[in-house]
Amino acid sequence: MSNWVLETKALTRKYKEQTAVDAINIHVSKGQIYGLLGRNGAGKTTTLRMIMGLVKPTTGEIEIFGQNIQENAKQIYPRVGSIIEIPGFYENLTANENLEILARLRGIHRRDAVPYALSRVGLDDEPGKLVAQYSLGMKQRLGIAAAIMHEPELLILDEPTNGLDPIGIQEMRNFLLDLCEEKQVTIIISSHILSEIEQLADIIGVIHEGKLLEEITIGELRKRNRRYLEFQVSNQNKAVLLLEEYFNIIDYEVHEKGNIRIYSHLGEEGQLNKVFVENDIEVSKIMMSEDRLEDYFVKLIGGRVSD
Amino acid sequence: MINLLYTEFLKLKRSQMLLISMLGAATAPFVCFIAYLNMKSKKTGVPVLFNEVFSETNLYVVLLTGVTLYGVIATYLFNREYTENTLKNLLTIPVSRISFFMSKLILLLIWILLLTVVAWGLTLIFGLIGQFEGLSLTVLIKAFKEYIVGGIFLFLLTAPTILVTLLFKNYVPSLVFTIAITMVNVLIGNSEYRVLYPWSAVLVIANKDFFPEYLPVYSYISIFTTSLLGFIVAIIHFKKEEIH
Ligand SMILES: Nc1ncnc2c1ncn2[C@@H]1O[C@H](COP(=O)(O)OP(=O)(O)O)[C@@H](O)[C@H]1O
Ligand SMILES: [Mg+2]
């Protein structure tokens, strides 16, 4: 038994000639929020469909809770909740009736399961409203309620913020963070928006044209893409000395020809500059680095990872 | 299975389909009633017999309205899970695909029988209103049997329509298919081939109106093979199908 909640092994799916998902190895450990990040058409939905057993892999394997999904579907899926693409509901029924159907088929006997799930996503104030009259955002929230109703240990969410307004997106984020913290639910969430994933995930899997380019923790990502102050100075050694002696800065890098990158004291470039100049160091350039996370992904997948 | 069936009923809440199907089931009794009233007013001497009205109505139900109506209901039951994107919710619970399929079939059978009883009941009520003659318990029971037999066989013959629905996931091909079936019914309704064509064979069996040239077993074989083949292929397809 592996210690992953979910693991894919060389998971591949072909549609005729096209390889929608290409030998990807995903690793998700317990209690983590795993962000699957990729542009439209990257293969996120296809991957999640395979994970939920709706689509069969061409080759490769999926293990959830250490068990192969094909042989153990009956044991695995009652412990999983999901939204794949747009959530679907019976339009002639209310939210409550829709969830009632799922609760019954799931064998949930707790009578408060449905009202509880609805109240958690804030859909409990209009009990008589039919799903036909729901906005996309409301349907998305109902989808979440359906996905968490049975208190799953693993939650698979395919772009769940589609159709939500900015407040809705923030609510969703807080909700998922709470869920992860309170109940140690493991969450896999896909998105094509970097900023959204960055604020939520513990680890990001970058998928592009069907390939998983990288799995990287947020910590590592931030470290690798830390922001810095860049100074171009005439006297490199003297400048460094000042940084260490005068400002107690140790987190810096010296590059060629008087180029110094300082990873702390962001926003204090004025003061630093003043001290340099007072000590007869010529400063020919001061620059704050861009938010490099975005650059990093652009480099990785060649394009913008946002709308 | 009980839970699945229960949820199938719940899904029909506020659905217009139930009412529409009732209206659909009422057309044959109503049209026949009007036709016989008309005849009665023209040929005053000749009595209109219940026996005859029941048979005539069942002929319209089995050959015309039933095929189309039950086909539409079957299509509705299966197709809505695709159009409303609900199938993935159920299958990831996970619900057994076979049980799910079966629960739909059971609901369809109940629905068809309900409409059959409606058609029978309306024929009776219209007959009483029109003061038709020759009503007896024997006539009622005989008619009821014929109606129910017709209903059950038409249910069995929804299999190919269900298959078409599962293949195309759209109302239109299924509708075209049921209309084509009905057209053939009309075309061969008076020829001896009606014994062999599964959809017209239903009426032949219900009315025990066999031809001496063809053994009754041919009619049964025709219906059962069509039904069985349809269901088997539909279930195999549904079992293997990927949900996109
Ligand atoms: N049912 C299908 N038939 C053929 N191609 C498909 C099908 N589903 C997805 N694809 C293709 O697979 C690729 C990945 O799609 P998808 O997984 O939906 O991407 P994402 O969810 O990341 O936007 C796309 O190029 C898409 O066109
Ligand atoms: Mg997608």
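Student: What makes up the shell around ligand 1, class by class?

Tutor: The shell holds three nonpolar, seven polar and two charged residues. Here Ala, Val, Leu, Ile, Met, Phe, Trp, Tyr, Cys and Pro count as nonpolar, Asp, Glu, Lys and Arg as charged, and the others, Gly among them, as polar. Keep in mind that this is a predicted model, where local features need pLDDT of at least 70 and side-chain atom pairs need 80 or more, while totals for chains, interfaces and linings use all residues. Residues are numbered from 1 along each chain as written, chains are lettered from A and ligands numbered from 1 in written order, and side-chain values use heavy atoms, without hydrogens or water.

Student: Why is the site of ligand 1 called shared between chains?

Tutor: A residue is near a molecule if one of its heavy atoms lies within 4 Å of it. The residues surrounding ligand 1 include Tyr15(A), Arg39(A) and His244(B). Both chains A and B supply residues, so the site is shared.

Student: Which element gives the most to that shell?

Tutor: That is α1(A), with three residues. Both α1 (44–51) and β2 (18–24) of chain A supply at least two. Helices (H or I, at least four residues) and strands (E, at least two) are DSSP runs, numbered from the N terminus.

Student: What makes the pair between Thr45(A) and ligand 1 a polar contact?

Tutor: A polar contact is a pair of N or O atoms within 3.5 Å. A side-chain N or O atom of Thr45(A) is 2.6 Å from an oxygen atom of ligand 1, so the pair meets that cut-off. Backbone N or O atoms join in too: Gly41(A) at 2.6 Å and Lys44(A) at 2.8 Å, each from an oxygen atom of ligand 1.

Student: What is unusual about the bond joining Ile93(B) and Pro94(B)?

Tutor: Most peptide bonds are trans. The one joining Ile93(B) and Pro94(B) is cis, with omega about 0°. Pro94(B) lies in the loop between α4 (87–91) and α5 (97–129) of chain B.

Student: And what is the sign of phi in His265(A), positive or negative?

Tutor: Positive: phi of His265(A) is near 55°. His265(A) is in the loop between β14 (259–262) and α10 (269–278) of chain A.

Technical notes
A polar contact is a pair of N or O atoms within 3.5 Å; within protein, one must be able to donate a hydrogen and the other to accept it, and residues adjacent in sequence count only if both atoms are side-chain atoms.
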